[in-house]
Amino acid sequence: MPLEAAVVVLDNSEFSRNGDLEPSRWNAQQEAIELYINVVIDSNMESGMGLILGGGKQVRLLMTPTNDRDLIQGQFHKTRLEGNLKFSVAIQQAQLALKHRINKQQHQRIVAFVASPIEEEVDTLVNLAKRLKKNNIAIDLINFGEQNEDHLKKLKTFFDNVQKGQSSKYINILPGMSATETLFSSLGNNSDFQAEPGQEQQAPQQRTGGQFSEYGGIDPNLDPELAMIMKMSLEEEAQRLQQQLTQQSQPQQQQQQPQQQQQQQQPQQTQQQKEKIQEEKVENGIEEENDELLEQARLLSMQEEQPEQPEQPKQPNQNAQPQDQNTQNQLFQDQDFLDELLDDVNKDEEQEGLLKKDNDKSKKD
Amino acid sequence: MQQHQHGPNCGCAEYMFNEDADDLYGQIEIDKVDCLNETAQNIKLIIRPENHFVQSDLDSEIIVIIPFNETVRIRQINVVSLNEESAPNLMKAYINISNVDFGLIETPCVEQFVLSPNLDGQFGNAVKVSKFENVNNLILYIKSTVNDPIRISYIGLKGIRTFQSKQLANTIYELNPLAKQVDPDKVVFDSLC
């Protein structure tokens, strides 16, 4: 993320008491602030974030752009929900706050949280938008819950007039959706933003699916070998699909994919002593598990070294077609490829073996 | 009647065309040149007369911010448009203003110019010399009341260098004061004691 000064305009009008976003629109805004703190400040230490209260009797500047996250989060206890959102006044004040930022190198951005219907006319909004665009200020317009048609139209017009290149974003959070999830997915795709550990508890693979889809959902930084194998298997699958598009029906192709992933992991397992560690990795990596096949895989790995080719056709004999096996087999017949695979894996295993020994020693102590 | 254009032989006392003026291209901090309300990020490219142009985005007006790496005295500002249909006709110049945005145009300018298309770049707008001493930062507000959008292919500045700059003097940071005389040019780093 570039060096940025972002001023967030909060909507503390009475409309934010609305519970259509769990638990209330105001709480959703607070959680969104947490997210923005990560996006802006954690990605670049010199970026700053400021706060403005757009509702209430008067539009109030709570915080000038600062990189101290505790200061920002501490402002919330000063807030009260009252009045109506004064959108254009709040945006103009945000513009002024940005104009007088201390570090002129920071790009200017206004993040507008809107949780109530906008009172201003479209013309006023368009003029405001043009002024922002001329002065090179990017806008993140986030609509919390309000789904009135006129309101959405106004927001859309405002956004279209402000948009310069790709720097501005418009996110509409529908009632019933989780604000942080929607924001995270929209913001995450546009930047190098990584989730906080706390947010990763729910379905991490679905979250990272968008970011690491070419590695089959595995973070290459955490597990490079597995990521490489997943990538290769996905590429193989893509090639195979192209070749046999007319011959097979789709549901069968989808079922074969997890099986092929398992097949490619078996050659690693056949020549190891510590299979369990590797199997756990494999299990965590595969999204769709087929228990029967896993059992067979385990049995296979317990066996002595044997040529892999006769075993593979037996494995998923329930659903697989013999044609699919041939391309796989050719790959695994190539000794160089196998040696490469196993070399990397063996090094990893040695390290883990050492680690395990150390753990055992420490346990004895 | 055509407005009087100043040149080397017009004899006007105020607008002296100063033959000593050099091209100030070397004194412009190219990386920090900025332009508000342009469609593409071309402003750095038009400081040299090459095949690029800057086009205004909304409302046929742009603001160009030109910082210098030393204090200069400006004698002449030369603005070349791309063609007649997108030529500006008005320019306001401001000096030494940080924090520029479009609210600036409501404040009084240092000098105001009427621009001609100037397609061959021959005509440079001579400035009032006394007002453009000690310039670290030049801001040009260029607009057209007639054409929309405007396209500019070159901005040239002529003037005199003063060789004075706002830079840090040569400094040495000491944790403990050193007893011996230290030559700043010879110090690479000092030991922490």
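**Exercises on a predicted model**

In helix 5 of chain A, the buried residues (under 20% relative accessible area, 1.4 Å probe, protein chains only) are A:His151, A:Lys154, A:Leu155, A:Phe158, A:Phe159 and A:Val162. This is a predicted model, where local features need pLDDT of at least 70 and side-chain atom pairs count only at pLDDT 80 or more. Residues are numbered from 1 along each chain as its sequence is written.

**Exercise 1.** Work out why the buried residues of helix 5 of chain A line one face.

*Solution.*
- Start with the general rule: an α-helix has 3.6 residues a turn, so residues three or four places apart point the same way.
- Now look down the axis of helix 5 of chain A: the buried residues fall within an arc of 130 degrees (taken from directions from the axis to the C-beta atoms), so they line one face.
- Flip to the other side, and you'll find A:Glu149, A:Asp150 and A:Lys153 exposed (over 50%).
- What covers the buried residues includes helix 3 (87-99) and strand 5 (137-144) of chain A.

**Exercise 2.** Find what surrounds A:Asp11.

*Solution.*
- Locate A:Asp11 in the loop between strand 1 (4-10) and helix 1 (25-42) of chain A.
- Check for a salt bridge (side-chain nitrogen of Lys or Arg within 4 Å of a carboxyl oxygen of Asp or Glu). A:Asp11 is buried yet has none; the nearest side chain of opposite charge, A:Arg25, is 6.7 Å away.
- Leaving aside neighbours within four places in sequence, list its contacts (heavy atoms within 4.5 Å): among them are A:Trp26, A:Leu85 and A:Phe113.

Note on methods:
Chains lettered and ligands numbered in written order. Heavy atoms only, no water. Helix = DSSP H or I, 4+ residues; strand = E, 2+ residues; numbered from the N terminus. Lys, Arg positive; Asp, Glu negative; His and termini not counted.
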